[in-house]
Amino acid sequence: MACAELTGPGMRTDHDEPVCPNCAYGLFDSCFGCDRFSAAGRYLSGGYRACAQCAATRYRECRECGTLLRENGSCDLCAHPGRVRAYSYKPDPRFHGEGPLYLGLELEVIVPEDRYSEAVAAATTRLGRLGYLKKDSSIQPTGFELVTHPLSYRFAIDEFPWTLLSELDDLGCTVDDTVGLHVHASRAGFASPAHVYRWMKLLYRNETEVATLARRRSRYAPFDRAARARARDTAKDHKHAVGLDRYQAINPHPRHTLELRVFASSLDVGQVQAALAFTAASIDYTRHLTIGHIRSGGWDWSRFAEWVADRPEYAPLAMEMEALACAC
């Protein structure tokens with residue numbers, strides 16, 4: 001059974017399991033080919049989704065990028081590489097670097113209306129196949145969300161086109177307290193659900209320091225009490241997040257990732273790199289955290305800060321913590 005609730009007629013998964021409407025639309029994708037609901041759908045050109053069976057039997061792949069194509073359809077990725085995609089756009093992920101932990105950056109940017117085309121051209125050219133742009137109506141008056149495909153932390157620091165941020169700044173792009181920077185961390189990059197829980201606990205127990213590092217408190221990323229109370233369950237998988245608001249500090253709703261939403265947006269390279277470094281470092285720090293470590297102060301922010309300072313790979317984070325006086 002896909003869920004325990006009673007189901008209506010015709011609500012089935014691609015494995016022929018019954019599923020209630022709440023779970024069907026909250027946990028699955030509707031397949032364009034067979035109208036069933038799939039937990040492992042692929043992107044189908046035109047903004048649709050296809051279950052694994054239909055992907056293998058009904059559709060062909062683009063020879064250039066591997067995107068699934070409808071019959072007689074063209075590839076919207078290759079045909080329009082410089083387009084700002086719809087907010088719902090979710091292509092098949094392209095992994096870069098060495099896993100298992102991958103990070104996905106979402107950077108909201110305010111763009112002057114008279115420089116919009118130039119900013120889009122600069123961003124899509126620099127990003128290439130590392131990412132894409134999406135529309136987001138919450139960015140006012142105009143702007144876009146820059147989204148990367150999954151990147152290892154090391155790959156992101158070494159290979160992301162960081163000069164793009166200064167180019168956008170030169171074009172008059174800005175950020176303020178209405179826009180954010182979100183980092184997705186792959187669930188596969190955690191050792192176990194217990195590791196996810198330890199990571200969540202580190203952030204929840206150090207809310208003040210995390211908010212200082214994030215450079216904001218936002219109603220779109222609060223340290224929600226209900227979410228904190230259910231952390232042990234949501235650490236297991238995204239299905240336990242049903243009923244919780246996704247607008248919280250740690251959003252557990254995505255199927256394969258955990259979304260850290262706390263950071264203020266920025267066009268400063270050091271600040272963006274620090275956000276990626278904090279996500280990777282906090283996951284790394286809690287990976288082998290034992291009960292003995294915790295009893296001796298392992299949850300303390302000062303202990304985490306000392307750990308970061310001893311690891312050169314997280315230098316962007318150490319510098320930002322020092323600058324914001326949250327390194328002690």
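1. At what angle do the axes of helix α4 and helix α6 cross? They cross at roughly 175°, and the axes come within 10 Å. The helices span residues 116-127 (α4) and residues 163-170 (α6). Because of that angle, α4 is roughly antiparallel to α6. Axes are lines fitted to C-alpha atoms, for helices over the stretch in contact, and angles run from 0 to 180 degrees between N-to-C directions. Angles under 35 degrees count as roughly parallel, over 145 as roughly antiparallel, 65 to 115 as roughly perpendicular, and the rest as oblique. From α4, the contact uses A119, A122, A123, R126 and L127. From α6, it uses T163, L164, E167 and L168. Contact means heavy atoms within 4.5 Å.

2. A word on the basis. This is a predicted model, in which local features need pLDDT of at least 70 and side-chain atom pairs count only at pLDDT 80 or more, while totals for chains, interfaces and linings use all residues. Residues are numbered from 1 along each chain as its sequence is written, and side-chain values use heavy atoms, with hydrogens and water left out. Helices (H or I, at least four residues) and strands (E, at least two) are DSSP runs, numbered from the N terminus.

3. Salt bridges next. The whole structure holds 14 of them. The criterion is a side-chain nitrogen of Lys or Arg within 4 Å of a carboxyl oxygen of Asp or Glu. R42 pairs with D92, with the closest N and O atoms 3.0 Å apart. This pair links distant parts of the chain, 50 residues apart. R42 sits in strand β3 (residues 42-44), and D92 in the loop between β7 (84-85) and β8 (103-110). R42 is partly exposed, at 24% relative accessible area. Buried means under 20% relative accessible area, exposed over 50%, and partly exposed in between (1.4 Å probe, protein chains only).

4. A second pair lies within one helix. D158 and R154 form a salt bridge at 3.2 Å, N to O. Both belong to helix α5 (residues 153-159); they are 4 residues apart, so about one helical turn separates them. D158 is partly exposed at 47% relative accessibility. R154 is also partly exposed, at 40%.

5. Is the E259 side of the next pair buried or exposed? E259 is buried, at 4% relative accessibility. Its salt-bridge partner is R261, at 3.3 Å, N to O. R261 is buried as well, with a relative accessible area of 5%. Elsewhere, D29, R49, K90 and R255 are linked in a network of salt bridges.

6. Two buried residues deserve a look. L181 lies in strand β11 (residues 180-186) and has 0% relative accessibility, so L181 counts as buried. Leaving out residues up to four places away in sequence, L181 touches ten-odd side neighbours that include L105, L107, L260, R261 and V272. L181 and D158 are 23 residues apart in sequence and 19 Å apart in space, C-alpha to C-alpha. A214 is in helix α8 (residues 207-214). A214 is buried too, with a relative accessible area of 0%. With the same sequence exclusion, A214 touches V262, F263 and A264. F263 and A264 are also among the residues that L181 touches.

7. On the surface, Y87, Y220 and Y247 make a nonpolar patch of about 300 Å². Patches are made of residues with over 30% relative accessible area and no salt bridge: like charges are joined within 9 Å, nonpolar side chains (Val, Leu, Ile, Met, Phe, Trp, Tyr) within 5 Å. Accessible areas come from the Shrake-Rupley method with a 1.4 Å probe; for residues, only the protein chains shown count as cover. Y247 is in the loop between α10 (231-234) and β12 (250-251). At 34% relative accessibility, Y247 is partly exposed.

8. Backbone points to check. Most residues other than glycine have a negative phi, and most peptide bonds are trans. The bond from G99 to P100 is cis, with omega near 15°. P100 lies in the loop between β7 and β8. The bond from Q140 to P141 is cis too, with omega near 0°. P141 lies in the loop between β9 (131-134) and β10 (143-148).

9. Positive phi values come last. D16 has phi near 65° and lies in the segment before α1 (21-27). D16 is partly exposed, at 41% relative accessibility. D35 has a positive phi of about 65° although it is not a glycine. Its place is the loop between β1 (29-30) and β2 (37-38). At 57% relative accessibility, D35 counts as exposed.
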